[in-house]
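I opened the notebook today to look up two things in turn, the surroundings of the ligand and the setting of one strand.

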Amino acid sequence: MSCDYRALALAGVQNLTPYQPGKPIEELERELGIRESIKLASNENPLGPSPKALEAVRAQLGGIALYPDGNGFALKRRLAEQFDVAPSRITLGNGSNEILELVARAYLAPARNAVFSAHAFAVYPIVVQAVGAEARVAPANGPDHAMPYGHDLDAMASLINADTRVVFVANPNNPTGTWLDEDAVHGFLKRVPEDVLVVMDEAYFEYVEADGYPDSSRWLDAFPNLLLTRTFSKIHGLAGLRIGYGVSGEAVADILNRVRQPFNTNLLAQAAAVAALDDTDHVSESVRVNREGLVQVMDACRERGLGFIPSVGNFLSIDMGREAGPVYQALLREGVIVRPIAGYGLPNHLRVTIGRAHENTRFIAALDKVLRA
Ligand SMILES: *Cc1c(COP(=O)(O)O)cnc(C)c1O
């Protein structure tokens, strides 16, 4: 063992901290010997997938001996109709995270940089660092801002320099749940140089009901440097199948298509995604359950004097008023999995995914028990 295989890796990769996912239920139950746990840790849909998506998956199961359609014809056609763009402007990904990675591989490298906000989605620093590019992290809004911990687009714009190729904007952002309105986003798009790609990450788009929240797809034609990304992992309840997509100008889609794996999205995921898009009832029911659940959890926080970051997503980051790690650990022992977000620079907050009413109730009861102890 004379060779250090860690030291042989690219410098950026050596210094990576792996993404920390929400703890799987099976892992917790194995470790603690408990049962009936609930997971409110990864912003999955508590209603599960659309029954129509499940049916579509079952119908395809016999076909898995064959490679899928690498070009995802049916899903791209469906999305192209929805966005009123040519199918060649759609990029499918193994989750929308893959789109973020394709962007980094195609547009970033040492001596180039990407700009994003503090407290932004953890995948941005990972994909940027993995290719040896510089991450330029803009300070976020302060805690007393109307959109506390949210993106400060002015601060982000001022970090853009001649070596910047990509800006990541999460709207709404995870784990803060903060969002940017139409004027802010449009003003930003006008301000960013045309040789900088703006990745508008809209993983929670379907959940947002705030007035003035933009559908950035209508700016696609005006801004060929705009790439919006969305996913089937959140509202569509298909996180386990790994499918997401990007919509952009022709040229950006062409470039991303060159670096992706030939069969990056699988047969079952493609079929489920088409069916999920058609099940608008399931989407609106998911929005309704989330709206009510968010109110339930926010009210519970207010009653207990716990602060939180106002969220338009399907999650809420709650201020424990002290280091949140031990609270997270104690909640695990109650069989409730949430998400500590110290890694996002929010050491006193826990992010809880909004569940169905009984799950929210269980979380609140466990939190009461833990905070009393
Ligand atoms: C969950 C999430 C994604 C997408 O995840 P995939 O499962 O890879 O589609 C992207 N961006 C943000 C901000 C998210 O929270």
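Entry 1, the ligand shell. In this predicted model, I listed the residues around the ligand and found Gly95, Ser96, Asn97, Phe121, Asn174, Asp201, Ala203, Tyr204, Thr231, Ser233, Lys234 and Arg242. Sorting that shell by class, I counted three nonpolar, six polar and three charged residues.

Entry 2, polar contacts of the ligand. I then looked at oxygen atoms of the ligand and noted that a polar side-chain atom of Ser233 lies 2.6 Å from one, that an N or O atom in the side chain of Asn174 is 2.7 Å from one, and that at Asn97 a backbone N or O atom lies 3.0 Å from one. How much of the ligand does the protein bury? I noted 94% of the 390 Å² that the ligand exposes when taken alone.

Entry 3, strand E7. Thr231, which I had listed in the ligand shell, belongs to E7, a strand that spans residues 226-231 and is mostly covered, with six of its six residues buried. Following the side chains, I saw Leu226, Leu228 and Arg230 point one way from E7, while Leu227, Thr229 and Thr231 point the other way, and all of them are buried.

Entry 4, the partners of E7. Which strands pair with E7, and in what sense? I found that E6 (residues 197-201) pairs with E7 in the parallel sense over four bridges, with Val198 standing opposite Leu226. E8 (residues 244-247) runs antiparallel to E7 and is joined to E7 by four bridges, and here I noted Thr229 opposite Gly246.

Terms used
Residues numbered from 1 in each chain as written. Predicted model: local features only at pLDDT ≥ 70, side-chain atom pairs only at ≥ 80, totals over all residues. Heavy atoms only, no water. Near = heavy atom within 4 Å. Polar contact = N/O pair within 3.5 Å; in protein donor to acceptor, adjacent residues only side chain to side chain. Areas by Shrake-Rupley, 256 points an atom, 1.4 Å probe, with all protein chains shown as cover. Nonpolar A, V, L, I, M, F, W, Y, C, P; charged D, E, K, R; others polar. Buried < 20%, exposed > 50% of the residue type's maximum accessible area, 1.4 Å probe, protein only. Helix = DSSP H or I, 4+ residues; strand = E, 2+ residues; numbered from the N terminus. Pairing = 2+ DSSP bridges.
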